Amino acid sequence: MSDTALIFPGQGSQSVGMLSALAERYPEIRETFEEASSAVDRDLWALASSGPEEELNQTRWTQPVVLAGDIAIWRVLRSNGMPDPIAAAGHSLGEYAALVSSGAMAFDDAVRIVHLRGELMQQAVAEGEGAMAAILGLAEAEIERICAESAQDGRTVVAANYNAPGQLVIAGHRDAVEAAAGACREAGAKRALLLPVSVPSHSPLMAPAADPLMEALEAVEFGSPSWTVLHNSDCRPRSDAAGIRRALVDQLTRPVRWTDTLEALASRGANRYLECGPGKVLTGLGKRFDRSADWVALDDPDTLAAERDRAQA
């Protein structure tokens with residue numbers, strides 16, 4: 001598996017009923033959710049399975065649920081003999097799953113931290129003041145220029161997620177995001193859509209969450225990853241606890257450079273990418289990045305079984 005990289009999805013991959021078919025075949029799914037539930041004192045499998053959807057989509061609950069889903073699928077692979085990958089990376093919240101998979105961070109610590117992270121992110125900006133929008137079909141430099149022009153009178157809007165060629169997400173104050181999205185449409189964007197979120201992730205508006213998150217991370221023990229884990233903020237690995245903590249805090253206010261992350265994985269020899277988690281978001285983005293590579297979303301039983309058999313071969 002010298003050409004295989006692990007990629008872990010983040011917020012936005014959740015859905016009511018997620019991983020239910022996998023759970024019928026693989027006991028690791030429910031077992032992982034039970035472990036996560038103990039860490040935050042809530043039945044996360046019931047929330048993922050039955051909702052209500054509005055609670056599942058609350059950032060403080062979405063994050064531990066998606067993390068549990070990411071690690072549950074990874075554990076199925078690992079328990080069936082998957083060898084070490086060439087490297088790993090996660091999109092936003094998924095970065096915690098990448099660290100857990102590599103042994104750099106204990107799973108129960110990660111669950112508690114991302115639950116807190118979600119609460120801190122929700123508290124950083126008053127309800128209704130923040131927004132995010134997806135911009136499709138416009139050059140990154142043009143979007144960045146429009147954001148700079150739209151950020152006036154103390155209002156912030158910045159590029160937040162560089163997700164794939166031709167797909168970028170902006171974030172900031174709602175009125176500035178709406179203005180920038182409108183300007184992007186006028187500039188020729190194929191689509192400029194406000195996303196159904198109120199937390200402007202990966203923008204300077206998340207700064208109030210930084211110090212409390214660092215304080216919590218200081219109480220968590222980190223080890224050196226067993227394989228390379230690339231961080232969102234600069235697409236580089238860390239091997240020391242202080243560096244990992246700093247990268248996780250920086251991620252709050254800096255953009256997710258996912259396209260650059262995939263380029264960094266490819267430069268390390270990756271040509272096969274296993275998406276460990278619910279949904280197929282990262283697989284879709286990856287195909288926009290490089291259609292010649294092998295992108296495998298492991299959120300259905302047959303695909304996961306095939307990958308398990310491949311690992312055992």
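Helices are DSSP runs of H or I with at least four residues and strands are DSSP runs of E with at least two, both numbered from the N terminus. The model shown in these views is predicted.

**View 1. The whole chain, with its 14 helices and nine strands.** The C-alpha atoms fill a box of roughly 55 × 45 × 40 Å when the box is taken along the principal axes. For a chain of 313 residues, a compact globule would have a radius of gyration near 20 Å, and the value of 19 Å found here agrees with that expectation. Of the 313 residues in the chain, 57% are buried, where buried means a relative accessible area under 20%.

**View 2. Aspartate 41, in the loop between α2 (27-40) and α3.** The backbone angle phi of aspartate 41 is near 55°, which is a positive value in a residue other than glycine. Aspartate 41 counts as exposed because its relative accessible area is 74%, and the cut-off for exposed is over 50%.

**View 3. Serine 92, in the loop between β2 (87-90) and α6.** Serine 92 also is not a glycine, and its phi is positive, at about 60°. Is serine 92 buried or exposed? With a relative accessibility of 12%, serine 92 counts as buried, since the limit for that class is under 20%.

**View 4. The cis peptide bond from glycine 51 to proline 52.** Omega for this bond is near 10°. Proline 52 is found in the loop that runs between α3 (44-50) and α4 (53-56).

**View 5. Methionine 105, in the loop between α6 (94-101) and α7 (107-124).** Methionine 105 counts as buried because its relative accessibility is 3%. Measured by position in the chain, methionine 105 and leucine 47 are 58 residues apart in sequence, and their C-alpha atoms are 25 Å apart in space.

**View 6. A patch of negative charge on the surface, where Glu140, Glu144, Asp260 and Glu263 gather.** Two helices, α8 (140-150) and α12 (258-267), each supply at least two residues of this negative patch. Glutamate 144, one of the four residues gathered here, lies in helix α8. The relative accessible area of glutamate 144 is 34%, so this residue is classed as partly exposed.

**View 7. A salt bridge within helix α8, between arginine 145 and glutamate 142.** Side chains of opposite charge can pair when their charged atoms come close. In this pair, the closest N and O atoms are 2.6 Å apart. Arginine 145 and glutamate 142 are three residues apart, which is about one turn of the helix. Arginine 145 is partly exposed, with a relative accessible area of 37%, and glutamate 142 is partly exposed as well, with a value of 24%.

**View 8. A salt bridge within helix α9 (residues 174-186), between glutamate 178 and arginine 174.** The closest N and O atoms of this pair are 3.8 Å apart, which falls inside the limit of within 4 Å for a salt bridge. Because glutamate 178 and arginine 174 are four residues apart in helix α9, about one helical turn separates them. Glutamate 178 is partly exposed, with a relative accessible area of 39%, and arginine 174 counts as partly exposed at 27% relative accessibility.

**View 9. A salt bridge where the side chains of arginine 272 and glutamate 307 meet, at 2.8 Å from N to O.** Arginine 272 lies in strand β8 (residues 272-275) and glutamate 307 lies in helix α14 (residues 301-312), so this pair ties together parts of the chain that are 35 residues apart in sequence. How buried or exposed are the two partners? Arginine 272 counts as buried at 8% relative accessibility, and glutamate 307 counts as buried at 3%.

**View 10. A network made of Asp108, Asp109 and Arg112.** Salt bridges that share partners join these three residues into one network. In total, the count for the model comes to 17 salt bridges.

Note on methods:
Residues are numbered from 1 along each chain as its sequence is written. This is a predicted model: local features need pLDDT of at least 70, side-chain atom pairs count only at pLDDT 80 or more; totals for chains, interfaces and linings use all residues. Side-chain values use heavy atoms; hydrogens and water are left out. Patches are made of residues with over 30% relative accessible area and no salt bridge: like charges are joined within 9 Å, nonpolar side chains (Val, Leu, Ile, Met, Phe, Trp, Tyr) within 5 Å. Accessible areas come from the Shrake-Rupley method with a 1.4 Å probe; for residues, only the protein chains shown count as cover. Lys and Arg count as positive and Asp and Glu as negative; His and the chain ends are not counted. The place of a charge is taken as NZ of Lys, CZ of Arg, CG of Asp or CD of Glu. Buried means under 20% relative accessible area, exposed over 50%, partly exposed in between (1.4 Å probe, protein chains only). The radius of gyration is taken over C-alpha atoms; the globule rule is 2.2 Å times the number of residues to the power 0.38.
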